[in-house]
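Colleague: Please walk me through this model. I would like to hear how each label is earned.

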Amino acid sequence: MTRKRQEQMLGILLRRPGWVTAGSLADQLGVTPRSVRSYVTAINAQSPGVHAIDSGPQGYRATPAATGMIRTVSGGNGGHRTSGSQTSSACSSMNRTVSTSMTPHRDSS
């Protein structure tokens, strides 16, 4: 479940051009802000020397390295980075999944 949430968090950050607060991410993921901070630490630890997620007083934002982290976090491709087109496809697929899971359901009655 943690990997799935890390992947969802990366998807949210990749779709947003600016900073996103820990509280906002926590609400969208259904976790605590502390969990968000743990996910950021875990994701950034997977890419030594380069951070996939920047953090600052305004919150968190994806770096260019984040697109390459999608497959690594999800465990796909044996933890190896993918080509740009594969990463783009993975991001598109993941963004649809995150968007769909976050769309409010309307009652048809």
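**How the labels are earned**

Modeller: Along the sequence, the elements of the protein come in the order α-α-α-β-β-α-α. That pattern holds 5 helices and 2 strands, where helices (H or I, at least four residues) and strands (E, at least two) are DSSP runs numbered from the N terminus. This is a predicted model, in which local features need a pLDDT of at least 70 and side-chain atom pairs count only at pLDDT 80 or more, while totals for chains, interfaces and linings use all residues. Residues are numbered from 1 along each chain as its sequence is written, and side-chain values use heavy atoms, with hydrogens and water left out.

Colleague: Good to know. Where in the protein is confidence lowest, and where is it highest?

Modeller: On the pLDDT scale (the predictor's confidence in each residue, from 0 to 100), helix α5 (residues 84-102) is lowest with a mean of 43, and helix α2 (residues 22-29) is highest at 97. Across residues 77-109 the pLDDT stays below 50, and this stretch has 29 contacts in the model beyond near neighbours in sequence; contact here means heavy atoms within 4.5 Å. Where pLDDT is low, the predicted coordinates should not be read in detail. The protein as a whole averages 75, with 62% of the residues scoring at least 70.

Colleague: Let's turn to the helices, then. What makes α2 roughly perpendicular to α3?

Modeller: The axes of α2 and helix α3 (residues 33-45) cross at roughly 100° and come within 8 Å. Axes are lines fitted to C-alpha atoms, for helices over the stretch in contact, and angles run from 0 to 180 degrees between N-to-C directions. Angles under 35 degrees count as roughly parallel, over 145 as roughly antiparallel, 65 to 115 as roughly perpendicular and the rest as oblique. Therefore α2 is roughly perpendicular to α3.

Colleague: Which residues meet there?

Modeller: From α2 come A22, G23, L25, A26 and L29, and they meet P33, V36 and R37 of α3. By class, this contact has 6 nonpolar, 1 polar and 1 charged residues. Ala, Val, Leu, Ile, Met, Phe, Trp, Tyr, Cys and Pro count as nonpolar, Asp, Glu, Lys and Arg as charged, and the others, Gly among them, as polar.

Colleague: And how do you know that α1 is roughly perpendicular to α3?

Modeller: By the test just given: the axes of α1 and α3 come within 10 Å and cross at roughly 85°, so α1 is roughly perpendicular to α3. In this pair, T2, R5, Q6, M9 and L10 of α1 meet V36, Y39, V40, A42 and I43 of α3. The classes here are 7 nonpolar, 2 polar and 1 charged residues.

Colleague: How do you know that the buried residues of α2 line one face of the helix?

Modeller: In α2, the buried residues are A22, L25, A26 and L29; buried means under 20% relative accessible area, exposed over 50%, and partly exposed in between (1.4 Å probe, protein chains only). Viewed down the axis of α2, the buried residues fall within an arc of 100°, so they line one face. The arc is that of the directions from the helix axis to the C-beta atoms. Among the elements covering these residues are α1 (2-15), α3 and β2.

Colleague: Now the single residues. Why is T63 counted as buried?

Modeller: Its relative accessibility is 11%, which is why T63 counts as buried. T63 lies in the loop between β2 and α4 (66-74) and, leaving aside neighbours within four places in sequence, is in contact with H51, A52, I53 and D54.

Colleague: Why is P57 called exposed?

Modeller: P57 has a relative accessible area of 90%, so it is exposed. This proline is in the loop between β1 (53-56) and β2 (59-62).

Colleague: What makes R61 partly exposed?

Modeller: A relative accessibility of 34% falls between the two cut-offs, so R61 counts as partly exposed. R61 sits in strand β2 and touches L13, G18, W19, A52, I53 and D54, not counting residues up to four places away in sequence.

Colleague: And why is P33 counted as partly exposed?

Modeller: At 34% relative accessibility, P33 also lies between the cut-offs, so the label is partly exposed. P33, in helix α3, touches A22, G23 and A26, again leaving out residues up to four places away in sequence.
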